[in-house]
Protein chains: 2
Amino acid sequence: MVADPPALRRADWELPATATAALRRPEQAAEQLAALAAAAEPGARLGTKEELRVHCGVSVGTFNEALRLVQARGVVDVRPGRTGGLFATRQSPLVRLGNSVLALDKDAASVADAVRLRDALDPLLVEDALRHAAPSDVTAMRAELDRMRTAAADLDGIAFIHANWALHARIADVSPNAMLRSFYLSLLEIIESHTLAVQPLGDEPLPEYIQSRYDLHAALVDAIDARDEPRAIALIHEHNMTAHTS
Amino acid sequence: MVADPPALRRADWELPATATAALRRPEQAAEQLAALAAAAEPGARLGTKEELRVHCGVSVGTFNEALRLVQARGVVDVRPGRTGGLFATRQSPLVRLGNSVLALDKDAASVADAVRLRDALDPLLVEDALRHAAPSDVTAMRAELDRMRTAAADLDGIAFIHANWALHARIADVSPNAMLRSFYLSLLEIIESHTLAVQPLGDEPLPEYIQSRYDLHAALVDAIDARDEPRAIALIHEHNMTAHTS
DNA sequence: TGAGCTAAACCAGCATGGTGATTGGAGCGG
DNA sequence: CCGCTCCAATCACCATGCTGGTTTAGCTCA
């Protein structure tokens, strides 16, 4: 039995360039660890750091980096002491959701998809706003409404749509559902980062379109303020039927 | 000017136990880096590894771990070469979404919230299924439907609801919208991990309730198969008005 | 038997020093 | 002026060895 010699030079560890590209060693090791953890029962002991480090074939520092990554992903748990080591963690669905979103390809987030999702979630947020909006929340909404009105008067489409998003964000802020809030706000960001200006649906002239959008949102905030649920729901549906931003 | 001495012993680096708890040094350093990156313009050079390592007051290994973390979060970018170093990155909304979900408190995912979200997304998935379902997809759906029927015949509520979820997952699989798919499937997982059995709405006896749920889903798959959009939409709305699982 | 101590096996940091790749500027010859 | 080579800065790994905390198996002893 020969102890394998230390990998002092790069050639000793750098595997053939084919298909290795772009993935650094810590990430490779992290993948191995994640695979190990996924294959094991939750709570199972995977081994000591040293054992697994050797198994991954990396140095201490690199292994610590890999470990930190999988730990951040909530896939493994490290425990000290005599019976310590690495343990597979039961992955909560929420963590899986986070990771699956992170794993999503960058261009997987088409704006059209995001808009569609946002439209589906809008009614929920309006519902929540109806139920939970405090006076201060409504005040914040009206402030954004003012910005929209100013932008509409200036015919500044860019400012208008930004104020519009801000209003929707204010509405979302009211929801007690953290998941919904977080997701909706991110959708808004996705849309915002790809959208340049307002654009009416069909042939309606822009000033009239902006004005009608403003009126609709003002009515929505009024309905929320008045706790007029049917009206608010109707308005948000109209909102999503007539909007078109690109 | 005195060069500060090496921190050879633990007392040299371990700051007073108050308020430090639970956050390891690599995470602390990662926070510092993230703050730096957030304060800077996207693309700005934050400094060399060595400079920032000293700024964070940690050792090389620890700093590398911190670096790997913020890199995984996509907030910084490390570049080699003479003009290399750390650079602030423009964080994509999708990455922010992923991180915000990961940051969500574990108990933030109440089942009720998840159910509400799922119900809001169901119509979108049915729409997508109507548009994109291939014959093989429908076959898969019918297989789950069979499992539901068997479970219904056995009056096995557990098996029934699992088959039901599997059917919904099949429907979701058809959607070309990766974000929607991913999110919906995770919601299903959240619900699944907290739900024990079917429970009818109101006083309807269980066998009849299960039968009616089966009929509804069977009709839905038929409508998808027949590309009968109005009917499918109507069914999914009925689905979400009458369901109650806990 | 049971309470208490010891020591082994872990992990978390630290420091130092080395090889090799990547990058861009500086200098030089044609 | 252009292209070439060379070099300094910087990163990505590697190896080794140290201090000190935590956990528990196992032993001792009343």
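What covers the buried residues of α4(B)? I took this up as my opening entry, keeping in mind that the model is a predicted one.

**Helix α4 of chain B.** I looked up which residues of this helix, spanning residues 93-103, are buried, and I noted B:P93, B:L94, B:L97, B:G98, B:N99 and B:V101. For their cover I found that it includes α4 (93-103) and α8 (178-194) of chain A, together with α8 (178-194) of chain B.

**Domains of chain A.** I then checked the domain assignment, which gives domain 1 as 10-93 and domain 2 as 108-242. Taking the centres of these two domains of chain A over C-alpha atoms, I noted that 45 Å separate them.

**Surroundings of DNA strand D.** I turned next to the 26 residues around DNA strand D, of which A:R24, A:S59, A:T62, A:R82 and B:K49 come nearest. Sorting the residues of this surface by character, I recorded 10 nonpolar, 7 polar and 9 charged. Among the elements, I noted that α1 (25-39) of chain A and β2 (76-79) of chain B each supply at least two residues of the surface near the strand.

**Backbone or bases of the DNA?** I looked at the atoms of DNA strand D within 4 Å of the protein and found that 86% belong to sugar or phosphate, while the rest belong to bases.

**Phosphate contacts.** For B:K49, I noted that a polar backbone atom is 2.6 Å from a phosphate oxygen of DNA strand D. From the side chain of A:R25, an N or O atom is 3.0 Å from a phosphate oxygen of the strand, and for B:R9 I recorded a polar side-chain atom lying 3.3 Å from a phosphate oxygen of DNA strand D.

Methods. Residues are numbered from 1 along each chain as its sequence is written. Chains are lettered from A and ligands numbered from 1 in the order in which they are written. This is a predicted model: local features need pLDDT of at least 70, side-chain atom pairs count only at pLDDT 80 or more; totals for chains, interfaces and linings use all residues. Side-chain values use heavy atoms; hydrogens and water are left out. A residue is near a molecule or strand if one of its heavy atoms lies within 4 Å of it. A polar contact is a pair of N or O atoms within 3.5 Å; within protein, one must be able to donate a hydrogen and the other to accept it, and residues adjacent in sequence count only if both atoms are side-chain atoms. Helices (H or I, at least four residues) and strands (E, at least two) are DSSP runs, numbered from the N terminus. Ala, Val, Leu, Ile, Met, Phe, Trp, Tyr, Cys and Pro count as nonpolar, Asp, Glu, Lys and Arg as charged, and the others, Gly among them, as polar. Domain bounds come from an automatic or database domain assignment. Buried means under 20% relative accessible area, exposed over 50%, partly exposed in between (1.4 Å probe, protein chains only). Contact means heavy atoms within 4.5 Å.
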